[in-house]
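Trainee: I would like a close look at a single part of this model, taken slowly and with its surroundings in view.

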Amino acid sequence: THHAQSMLGLVALLVGLLASADAFALGVAPLRRFRATDSQVRMMFGGGGGDGEGNFLDKLKAAKDMFNPEMMKKYSEVGVKVQALQAELTETEVECATNEGGIVVKVTGTQVPLSVEVSDDMCLKGATSLSAELEAALKQAHAKSGAYAQQKMADLYEQMGLSGGLAGLNKE
């Protein structure tokens, strides 16, 4: 034990010297001991008070419940169905026409542009008008495709009993 106390004293001396040397080299005050107050102590296993972070053990239980075999099977099913839906959306054509068919834009359900058709009448209206109509048609097609994909995804989750998406798995 005497040897251990000597080593501990030597370590303390070295730490003190290093702190003093660092303080001297950097022009800052030497290291000081710090004593945490009750308000500064963070509770590792809960009991830290109502700071809104929740109890660690409750979070651990929620994570355990989320990764149980039944839920992992459900996640796998969702993954397979989402992949199938993604393939379906890739093959789906969403069409948006403006100005009584003056411009027709087609995109996939994943918002990839497929075609843009412009009528001769639309071309006669001039570049400025054509540009404005084309921009509007593209924006409408993008929005329509996005809304379509979002609705299909919501329908898929509803069919699987997950109306709130994956977060809906935690419903009580």
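Which residue in strand 2 does alanine 97 stand opposite?

Mentor: In this predicted model, alanine 97 stands opposite valine 104 in strand 2. The two strands run antiparallel and are joined by six bridges, and together they form a hairpin with four residues between them, where asparagine 99 in the turn has a positive phi of about 50°. In a regular strand the side chains alternate between the two faces of the sheet. Strand 1 has Val94, Cys96 and Thr98 on its covered face, while Glu93, Glu95 and Ala97 lie on the uncovered one.

On the partner strand, strand 2, we find threonine 108, which counts as buried because its relative accessibility is 5%, and buried here means under 20%. Leaving aside residues up to four places away in sequence, threonine 108 touches Leu89, Thr90, Thr92, Val94, Leu114 and Ser145. Of these contacts, Val94 belongs to the covered face of strand 1, and Ser145 is one of the buried residues of helix 5.

That helix deserves a place in the same picture, since its buried residues, among them Ala141, Gly146 and Ala149, pack against strand 1 (93-98) and strand 2 (103-108) as well as helix 3 (69-91). Helix 5 comprises 33 residues (127-159), which at 1.5 Å a residue should span 48 Å, and the 47 Å between its end C-alpha atoms agrees with this. Just after helix 5, glycine 161 takes a positive phi of about 80°.

Technical notes
Residues are numbered from 1 along each chain as its sequence is written. This is a predicted model: local features need pLDDT of at least 70, side-chain atom pairs count only at pLDDT 80 or more; totals for chains, interfaces and linings use all residues. Side-chain values use heavy atoms; hydrogens and water are left out. The expected span of a helix is 1.5 Å times one less than its number of residues. Buried means under 20% relative accessible area, exposed over 50%, partly exposed in between (1.4 Å probe, protein chains only). Contact means heavy atoms within 4.5 Å. Two strands pair if DSSP finds at least two bridges between them.
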